[in-house]
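Here is a walk through the model, one region at a time. Keep the viewer open and follow along.

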Amino acid sequence: MKTLKVFGNLIKDGFLEVTHGSKAYHVWMAVLSFIMLVGMYSYSIQLEEGLSATGMTDRVSWGLYISNFTFLVGVAAAAVMLVLPAYVLKNIDFKQAVLIGEGLAVAALCMCLVFVIADMGGPARLWHMIPVIGVFNFPNSMLTWDVLVLNGYLFINITIPMYILIMRYQGKTPNPKIYIPGVFLSVFWAVGIHMVTAFLYQGLQARPFWNNALLGPRFLASAFAAGPALIIIVLAIIRKFTAFKIPDTTIKKISMIVTVAAQINLIMLVSELFKEFYAPTHHSISAVYLFFGLEGKTALLPWIWTSISLNVVATIVLTFHKLRSNLNILYVVCGMLFIAIWIEKGFGLIVPGFIPGPWGKIAEYTPTLVEISVTLGIWAMGAFIFTILAKTGIAVELGQLVYKKKN
Amino acid sequence: MNNDNKKWYSLNLKKSPKVDSCGCGNDSGSCSGEKTKDGYDQVMNVSMGRRAAFKKITAGFLIGAGAVSSSCSVVSGDENKEKSGIEWEEYFKGNYKLMTDKEKEETVNRLTRSYELRTGEKINMTSKDAEKDVLFGYAFNISKCQGYMDCVNACVEENNQDRATEMQYIRIHEMEDGKGFNFEESDDNYYHEVPAEGHFYMGTQCFHCDNPPCVEVCPVQATWKEKDGIVVIDYDWCVGCRYCMAACPYDGRRFNWKTPEVPEQEVNKKQHYLGNRLRKKGVMEKCTFCIQRSREGQNPACVEACPTGARTFGNLLDPKSNIRWILENKKVFRLKEDLGTEPKFWYYMD
C-alpha cells in the first residue's frame, strides 16, 4: 500500500516537474507536440485512404515504417551495453549514463511498437494477435517472437529504473540483490531482441538479400555503435542544459564501446561486400541494386554511399585515441555514425530486399509525404517520451524530487 | 499430406514429413465439426469463450459511441440497427479455420444479409469444405501459351478483384527465344499484339505450395493450407502486416492498399467465404484456384478461359486425371525448387 502511495506521489511530482521548466524546454516540447500533431493528422489520412497513401506497393511492400522499426530495435538494445559495466562491474562512472540509457531504450521501444502499428493494414483488428482472445501463431511465426521479446524488454526496462527511482525518491539506497538479477536478464534479453528481429528477415528463403547468416551478428555490431553514439550525444546535451553531473570519463568510456562496435561493423561490411561481389551469383542482384543501381534505377545510391562514407570516416576518426579524446570531435563523429547506421540498417536493409522482385521486376520505392510526416511524428513522440522520462529521472537523481518534501 | 500418396519427386529438405497441414487433428474432409479434441483444440475452444467475454467488456466501453447512436436514434430505421448489429458481430467473430460448422454458416448468413442491406442484391455465398481424397494440382504447357491474357481477364472477373488498381493474380511473362527462362529480362506488363515474334510466354500465380512459407510466418494464422491443398486467407482475420508477402518467393500474394472497387453489375455473386467474396482495404488476397468453382468440381476460371489449352487443373490423387497423366508422361519441372517450397504447379513443354 505504501509503495502505491509513494508511486502516486512520484507521478504527481513528476507531472509538476515535466510541466515546469526553462523557456528552451517549453519551446522544445511545443515543437515536438506540433510535429506529433502533424504526424497524427497524416496518420488519419492513411487510415481513411488505406496504405495507398504511402509509397508502398505490391512490389515493395515494406518501406519507411519497417525500416525505422528495425533500426530502433537496435537503439533500444544498445542501452544494455551501459547497464552491464555499471551494475555488474561496479563501475561508478557509468551509473548516471545508465538511467539515461534505459530511458532511451523505453522511448525507442515505444517508437518500435508504434511504427509496427502504423504499418498495419488493419490496426483495428490487431486484437487478433492477443493470445487467448485471438490466435497467436507461436512459435512458427517470427513476428510473434518479436512481439514477445519487445514487450518483455519494455517491461524490464520500465521496472528496473522505476525501482531505482522510487528508492531514490524516498531517499533510500536501491538494493542490488533486487535489481541485479533483472539487469542480467535484460542483458540476455537485449541480445534476444536483436537476434529475433534479424531472424524476422533472415528466415525468409524468398529474399536472398536477407537470407544471410551475417544479418543477426551485424545487427548487433551496428546497434552497439549507433545506440551508445546516440547516448553520447544525449549526455552532451543534458550536461549542457541541466545540473546533472556527467564526468568526461563516462563519455570517454562509452566512446570506447562505440569505437569497437564500429570497427567490428566495418569488418562485417567488408565480409558482406566480398561475398556479394567477388563471385557474384544470382543472389547478389539486390546488393548490385543497392550499391550500383540496376537498369538506370538508382534511388538508393546517394543514400548508401553517404552511409558508407560517413561510416568509414567516423570509424577511422574514432580509432585514433587523440581525435576521440577531443569531445567536440567525438560529438560530431557520433552524429555521423548514427546517421550512417540509420541509413544502413533502415531502408538500406529493408528496401533492397524487395528489389528486384521475385521475378526480376525492378520497381523502386519513394516514400510519400504522408509516410514521411507520420515517421517524423513517431520520432517526435520518442523524443517527447524520452524528455519526460529523463527530466523526471534527473530531478530524482539530483535530489530535487523527494518524497514528502513538499507536502 | 502423407508421403505415401505423394505423386511427385521432392527435395526432401525437411527432416520429418508434415503429416497434417492444418493442425485441427481431423484427417478427413473438413477442418471443423465433430472431432477428437487435441491440446490445441482445447485451448482454442476456451479462447472462443474468452473472446465472448472480451466482446462484452468492449461493448461496455463503447456504449456511448457510434453503435448506440445508430441503434437508439429515432430517425434510423430497423435496417440501420440490423446493419450495425451485423458489423458488431462480424468485428468480434473468430478465425474461420477454428469456427464450428454452425459459426461458419452464421457468418456466411451475416455477410449475405449485409450485402443485401447495402445494395439490395442477393449473393450466393458458401463455406463448402474440402472433399475427401482430393488434392488439387496445376500444370502449365509453355509450348502452348501464346500470351493472350484471357486467363488474366477471366480471373479478375471471376474473383472480384479491385478494378481501380487493376489487381491481377496471374502474371504472364513474355520471354525472348534463345535466352531460356530469363525472368530478369522478361516483360510481365506488355501492351502489344501477341504472340510477338521471337518470344514465348509463361504464366505465374500462387503455386499453392505444399510447404508454404507464407503460412508459417503469419502471426495470426489468417492464412493456411486446406485439406485439398489450396492455400487460403481469412480476409476478416488478416491484420495486414504483409509478412506473408515478403515470405512468398513467387510473387503470389496481393495486398489491398485501398478499398477495392468492383462495379455492382460486374460483381460475381457466386462466392465462397475463402474465395472470391468481396474484400476490404488493408487485407491480403491471392489466387485460390477459384475455390468457389473447384470445390464444385469445375475448373478454375483461368483454365476454362485459356484458348490454347495451355492450362490443366485436376485432382492429384485421382490416377485417371489429366494432371496425373501429364506428371507421369511429360518432362515436368517447377520453379525455384531449391527453396524447398514444393509448389503444386508444374511446367512442361511438348
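## Cis prolines

Start with Pro139(A), which sits in the loop between H5 and helix H6 (142-169) of chain A. This is a predicted model, and it puts the peptide bond from Phe138(A) to Pro139(A) in the cis form, with omega near 5°.

Chain B has a cis bond to look at as well: Val194(B) to Pro195(B), where omega is near -5°. Pro195(B) belongs to the loop between E3 and E4 of chain B.

## Positive phi in chain B

Most residues other than glycine have a negative phi, and most peptide bonds are trans. Which way does phi go at Asp133(B)? It is positive, about 55°, although the residue is not a glycine. Asp133(B) is in the loop between strand E1 (124-126) and E2 of chain B, and it counts as partly exposed because it has 13 C-beta neighbours inside 10 Å.

Asn160(B) also needs a look, with a positive phi near 55° in a residue other than glycine. You'll find Asn160(B) in the loop between helix H5 (150-158) and E3 of chain B. Is Asn160(B) buried or exposed? It counts as buried, because 20 C-beta neighbours lie inside 10 Å and 20 is where the buried class begins.

## The long view of H7 in chain A

Helix H7 (residues 176-202) of chain A has 27 residues. From first C-alpha to last it reaches 38 Å, close to the 39 Å expected at 1.5 Å a residue. Its buried residues include Trp189(A), Ile193(A), His194(A), Leu200(A) and Tyr201(A).

## The nonpolar core

The largest nonpolar core runs to 194 residues, and the ones with the most contacts inside it are Ala76(A), Val258(A) and Leu337(A). Helix H5 (residues 95-119) of chain A supplies the largest share of this core, 15 residues. The same core takes at least three residues from each of domain 1 (39-122) and domain 2 (136-348) of chain B.

Zoom in on Leu337(A) for a closer look. Leaving aside residues up to four places away in sequence, it touches Ala225(A), Ala226(A), Ala229(A), Val258(A), Ala262(A), Asn311(A) and Ala314(A).

## Chain B at a glance

Chain B has 10 helices and 11 strands. Of its 350 residues, 41% are buried. Among contacts in chain B with a separation of 6 or more, 64% link residues 24 or more positions apart.

The chain is divided into domain 1 (39-122) and domain 2 (136-348). Where they meet, eight residues of domain 1 are in contact with nine residues of domain 2. On the domain 1 side, helix H4 (residues 101-119) of chain B gives the most, with three residues.

## A three-stranded sheet

One open sheet in chain B has three strands in the order E10-E2-E11, with mixed pairing. Why do E10 (311-315) and E11 (345-348) each have one side without a neighbour in the sheet? Both stand at the edges, each with a single partner strand, so one side of each is left free of a neighbour there. Neighbouring strands of the sheet are turned by 20° against each other on average, direction ignored.

Strand E2 (residues 136-141) of chain B pairs with E11(B) in the parallel sense, over four bridges. In that pairing, Asn141(B) has Tyr348(B) of E11(B) as its bridge partner. Helix H10 (residues 322-329) of chain B lies across E2, E10 and E11 of chain B, and runs at about 110° to E10(B).

## E3 and E4

Five of the six residues of strand E4 (residues 199-204) of chain B are buried, so E4(B) is largely enclosed by the rest of the structure. Six bridges join E4(B) to strand E3 (residues 171-176) of chain B, and the two run antiparallel. Look there for Met175(B), which stands opposite Phe200(B) in E4(B).

## An exposed glutamate

Glu264(B) is placed in the loop between strand E7 (253-255) and strand E8 (270-272) of chain B. It is exposed, with 9 other C-beta atoms within 10 Å. How far is Glu264(B) from Glu121(B) in space? Their C-alpha atoms are separated by 9.1 Å, though the two are 143 residues apart along the chain.

Key. Residues are numbered from 1 along each chain as its sequence is written. Chains are lettered from A and ligands numbered from 1 in the order in which they are written. This is a predicted model: local features need pLDDT of at least 70, side-chain atom pairs count only at pLDDT 80 or more; totals for chains, interfaces and linings use all residues. A residue is buried if 20 or more other C-beta atoms lie within 10 Å of its own, exposed if 12 or fewer, and partly exposed in between; C-beta atoms are placed from the backbone. Two residues are in contact if their C-beta atoms, placed from the backbone, lie within 7 Å. The expected span of a helix is 1.5 Å times one less than its number of residues. A nonpolar core is a set of buried Ala, Val, Leu, Ile, Met, Phe, Trp, Tyr and Cys residues joined through C-beta atoms within 7 Å. Domain bounds come from an automatic or database domain assignment. Two strands pair if DSSP finds at least two bridges between them. Axes are lines fitted to C-alpha atoms, for helices over the stretch in contact, and angles run from 0 to 180 degrees between N-to-C directions.
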